[in-house]
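These are my notebook entries on a two-part look-up, covering the contact between chains and two elements inside them. I began with a strand and then moved outward.

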Amino acid sequence: MEPIRTLRSRTVVLAANDIDTDQIIPARFLTTTSREGLGEHLFADWRYGPDGAPRADFVLNQPQARGCSILVAGHNFGCGSSREHAPWALSDFGVRAVVSTQIADIFRNNALKNGLLPVIVEPGAHRWLIEHPGAEVTIDLGSSALTLPGGETARFPLEPFARYCLMNGVDELGFLLERAAQISAYEARSALA
Amino acid sequence: MTAPLTLFEKVWRSHEVVPETADTPAVLYIDLHLIHEVTSPQAFTALRERGLRLRRPDLTFATMDHSTPTRTEQVFGGAPIGIEAAARQVRELERNCEAFGVELLGLHDARRGIVHIIGPELGLTQPGKTVVCGDSHTSTHGALGALAFGIGTTEVGHVFATQCLLQRKPRTLAVNVHGRLSAGVGAKDLILAIIGRIGVGGGTGHVIEYRGETIAGLDMDARMTVCNMSIEAGARAGMIAPDETTFRYLAGRLRAPQGEAWDGALERWRQLPGDPAARFDREVDIDAAALEPMMTYGTNPGMVIPVGGTIPERTDDPVFAKSLAYMGFAPGERIQEHPVNVVFVGSCTNGRLSDLRAAASLLRGRKVATGVHMLVVPGSQQVKREAEAEGLDRIFIEAGAEWRESGCSMCLGMNGDLVPKGHYAVSTSNRNFEGRQGIGARTLLASPLTAAACAVRGRVTDPRELI
């Protein structure tokens, strides 16, 4: 995984609350056996009309969304299914961070493992971001802060280990594999119990 | 003396390989890893890419359910699986299980079924175990007093390689349910009411423990229905303290401990219920006696009202308005008597024997209304056999419903069992998200009893009118 320290981008806004993973990537695209290429199907049922043509009224199809890597979404983003295809689709599309007031547990875990930042901000900053699509913001992992165009900052919580992994490009599996001796000791202990 | 602990805390603590610190999450040991065809392929690929072996194939167990056909001729008759990509996924799981030494209940196996139905059914799921699966409805297994939660595919790979996960300890939420459920009101109505109360994000960051005399009075099938939908309230896991009902359910099951091992297990399991003085981070109280048959009217499971109720009015909420527009409903409208096109009975929420019995009890001697397509999909091949032994299949078929082989089927439509665009489907499954059961499908979540009543009348019906 590539280390991430800061991210600077204009935002794209999907204001709806409770955007579930079935919207992010509908189940019919889960028959894939690879992680690649899912960006094409991101938000498929919102993005494309019945004829398969992009809907002009959907924000991700609009010219101003091009190049935006920060998605600002309504409360409780990523609820529903555990499909990691959701963060894979977002990453493949070019999204590097999702900003909300709440992000569902499994989606957040999956996102972190794919270098997609789950950023939880206070309702005030969130409201401002929802009302100002296209705002140029900076997300800094070291200080756990999102800086708005006017210079105001919104702090966001980030679990220290996740931060360490993101900033150093460390993958969790390597960390777990280094615990092999402790895992073996646990297995011996619980077999005796 | 140690501090009083909840059920969750006892299971968590006994699985800490390394406890969490300020800087690092806990290393949590996993006792049972269930896998299926949809969320495992990329995890096997990751193992191969790193040249790793599967640490504990003996604690890993595979089945296929999400994208498998339910038509008998496609399962057993040699007819091809309708969707080529699904067929490929099934073959890939077979190859991966073979290569890594994982026991697989394949397409033709008599023990196959939806992963969350067969775990408990085979006795693999047991009190006090940690259970994970790349599927959010893994919360189902918490009904037996296990700590069970859904994980993503990267985490599936972590468990493959190390039998462990890095986890921060979640907070605890007690849902205390008191009072007697009235006739025609069951576990599905209860959990829908709970989700309506705490909201689809209300349980985020928490493990729910369902408690109180109402919960203690539920049979195991009903407890699994309740725990299954914990994720619909945002909680990754839901648990119920194991008791005599749990032990009776497990006794004699294929993979449950036998003989002396059973006695030892019972002794351990009896220690699992939370200490009386244990505290939860949050508590919610629910009056079961006041509940009525429930049904969703919108596009998430929290948008739920009694079948006889009225859709709320929320002004200045464009998302709510969009949801109702998708459903073809208006604020202030009643859903009762609304025409229904499709009825689906099945899924990991309501695909167990008692669910099929409930639906059959209403269909016996009645017909599915003209124009309604009713699909009954047992949760496992064992459920199917048991239902057939009781003659439930005849009741469904004679009523005009389709009786299929087991699988996830129309809950998410991956296998081609879909609700047509614009059609109203009363479904015993767990998610009414936009497009979940097919592009443009309009899902009304309800209990098996309510679903059967709607099938008979061809309209949204309170089952108490027919019992």
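Entry 1, a strand of chain B. The model I am reading is predicted, and I first looked up how strand β15 (residues 342–345) of chain B is paired. I found that β15(B) runs parallel to strand β16 (residues 373–376) of chain B, with four bridges between them, and that B:Val343 has B:Met374 as its bridge partner in β16(B). I also found a parallel pairing of β15(B) with strand β18 (residues 424–427) of chain B, here over three bridges, in which B:Ala425 of β18(B) is the bridge partner of B:Val342.

I then asked which way the side chains of β15(B) point. B:Val342 and B:Phe344 point one way, B:Val343 and B:Val345 point the other way, and all of them are buried. I noted beside this that side chains in a regular strand alternate between the two faces of the sheet.

Entry 2, a helix of chain A. I turned to helix α6 (residues 160–168) of chain A, where I listed the buried residues as A:Phe161, A:Ala162, A:Cys165, A:Leu166 and A:Met167. As a reminder for reading such a list, I wrote that residues three or four places apart in an α-helix point the same way, because there are 3.6 residues a turn.

What covers these buried residues of α6(A)? From chain A, the cover includes α4 (105–112), β4 (117–120) and α7 (172–177), and from chain B it includes β8 (164–167). After α6(A) comes A:Gly169, for which I recorded a positive phi, near 65 degrees.

Entry 3, the contact between the chains. I looked up the interface next, and found that 59 residues of chain B and 51 residues of chain A take part in the contact. The area buried between the two chains is about 4,500 Å², and carbon and sulfur atoms give 59% of that area.

For the polar side of the interface, I recorded 23 residue pairs in polar contact, with both residues at pLDDT 80 or more. The elements that give two or more residues to the side of chain B that touches chain A include α2 (41–50), α4 (84–100), α6 (153–162) and β8 of chain B. Of the elements, α6(B) gives the most to that side, with six residues. By class, I counted 23 nonpolar, 21 polar and 15 charged residues on the side of chain B that touches chain A.

How many salt bridges cross the interface of chain B and chain A? The rule finds six, and I also noted the salt bridge of B:Glu155 with A:Lys113, whose closest N and O atoms lie 3.6 Å apart.

Technical notes. Residues numbered from 1 in each chain as written. Chains lettered and ligands numbered in written order. Predicted model: local features only at pLDDT ≥ 70, side-chain atom pairs only at ≥ 80, totals over all residues. Heavy atoms only, no water. Buried < 20%, exposed > 50% of the residue type's maximum accessible area, 1.4 Å probe, protein only. Contact = heavy atoms within 4.5 Å. Pairing = 2+ DSSP bridges. Buried area = accessible area lost by both parts, 1.4 Å probe. Salt bridge = Lys/Arg side-chain N within 4 Å of Asp/Glu carboxyl O. Polar contact = N/O pair within 3.5 Å; in protein donor to acceptor, adjacent residues only side chain to side chain. Nonpolar A, V, L, I, M, F, W, Y, C, P; charged D, E, K, R; others polar.
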